[in-house]
Amino acid sequence: QVQLVESGGGLVQPGGSLRLSCAASGSIFSIYDMGWYRQAPGKQRELVAGITSGGILTYAVSVKGRFIISRDNAKNTAYLQMNSLKLEDTAVYYCNAEIRRIGVPRTSSWGQGTQVTVSS
């Protein structure tokens, strides 16, 4: 079994910052792409930022220049530094990772989500 555990969400004022973490654990052989998605009430889940195992980055247009995704391969952890937060960034943020377990082909795994609320 593989688990993705997110942390770092919370309530922040507009213009503030938060840092999300996503730690993968279990019988992991290798982690490929990792990404952060978000889902606001009444909206579809959308990709916020992604990072490949080689460090290639992808950002949604709405967060480019404000959010930074990174990963620590030694810790099987991905991070999302969110700066200059806006009201419209309010959502549940989910971590996703393409993981190959020992003896099992790679599959997509999701975390349980962490709430980010931007409010004055």
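A search of the whole structure, which is a predicted model, finds one aromatic pair. Charged side chains also meet aromatic rings, with Arg19 lying over the face of Tyr79 and the charged end of Arg45 sitting over the ring of Tyr94. The count of salt bridges comes to three, and the structure holds one disulfide. The points below take up these features in turn and then turn to individual residues.

**Aromatic rings and charges**

- The search for aromatic pairs covers the whole structure and returns one; in general, such a pair of rings is described by the distance of the centres and the angle of the planes.
- Arg19 is placed over the face of Tyr79, at 4.1 Å from the ring centre.
- For Arg45, the charged end is 3.7 Å from the centre of the ring of Tyr94, over which it sits.
- Tyr94 also appears among the contacts of two loop residues, since it is listed both for Gln112 and for Gly111.

**Salt bridges and their network**

- Arg38 forms a salt bridge with Glu46, in which the closest N and O atoms are 2.7 Å apart; Arg38 counts as buried at 6% relative accessibility, whereas Glu46, at 35%, counts as partly exposed.
- The side chain of Arg38 also meets that of Asp89 in a salt bridge, with an N to O distance of 2.9 Å. This pair links distant parts of the chain, given that Arg38 belongs to strand S4 (residues 28–39) and Asp89 to the loop between S8 and strand S9 (91–101), 51 residues apart, and both of these residues are buried.
- Asp89 forms a further salt bridge with Arg66, the closest N and O atoms being 2.7 Å apart. Asp89 lies in the loop between S8 and S9 and Arg66 in the loop between strand S6 (57–59) and strand S7 (67–72), so the pair ties together parts that are 23 residues apart in sequence.
- The relative accessible area of Asp89 is 1%, which makes this residue buried, and Arg66 counts as buried as well, at 9% relative accessibility. Through shared partners, the salt bridges join Arg38, Glu46, Arg66 and Asp89 into one network.

**Surroundings of Asp89**

- Apart from its salt bridges, the side chain of Asp89 has a polar atom that lies 2.7 Å from the backbone nitrogen of Lys86.
- Not counting residues up to four places away in sequence, Asp89 touches Arg38, Arg66, Phe67, Ser84, Val116 and Val118, a list that includes its salt-bridge partners Arg38 and Arg66.

**The disulfide**

- Cys22 and Cys95 form the disulfide, and their sulfur atoms are 2.0 Å apart. The torsion about the S-S bond is about -75 degrees, so the disulfide is left-handed.
- The bond links distant parts of the chain, with Cys22 in strand S3 (residues 18–26) and Cys95 in strand S9, 73 residues apart; Cys22 is buried, and so is Cys95.
- Each of these cysteines is also found among the contacts of another residue described here, Cys22 in the case of Thr77 and Cys95 in the case of Gly111.

**Thr77 in strand S8**

- Thr77 is found in strand S8 (residues 77–82), and its relative accessible area of 8% places it under the 20% cut-off for a buried residue.
- A polar atom of the Thr77 side chain lies 2.8 Å from the backbone oxygen of Lys75.
- Leaving aside neighbours within four places in sequence, Thr77 is in contact with Cys22, Ala23, Met34, Ser70, Arg71 and Asp72.

**The loop between S10 and S11**

- Gly111 lies in the loop between S10 and S11 and counts as buried at 11% relative accessibility.
- The contacts of Gly111, without its neighbours within four places in sequence, are Leu4, Glu6, Tyr94 and Cys95. Gly111 and Gln39 are 72 residues apart in sequence and 13 Å apart in space, C-alpha to C-alpha.
- Gln112 is found in the loop between strand S10 (107–110) and strand S11 (114–118), and beyond its neighbours within four places in sequence it is in contact with Leu4, Val5, Glu6 and Tyr94.
- Gln112 and Arg101 are separated by eleven residues in sequence and by 19 Å in space, C-alpha to C-alpha.

Note on methods
Residues numbered from 1 in each chain as written. Predicted model: local features only at pLDDT ≥ 70, side-chain atom pairs only at ≥ 80, totals over all residues. Heavy atoms only, no water. Helix = DSSP H or I, 4+ residues; strand = E, 2+ residues; numbered from the N terminus. Contact = heavy atoms within 4.5 Å. Buried < 20%, exposed > 50% of the residue type's maximum accessible area, 1.4 Å probe, protein only. Polar contact = N/O pair within 3.5 Å; in protein donor to acceptor, adjacent residues only side chain to side chain. Phe/Tyr/Trp six-rings, centres within 6.5 Å; stacked < 30°, edge-to-face > 60°. Lys NZ or Arg CZ within 6 Å of the ring centre and 35° of its normal. Salt bridge = Lys/Arg side-chain N within 4 Å of Asp/Glu carboxyl O. Disulfide = S-S within 2.5 Å.
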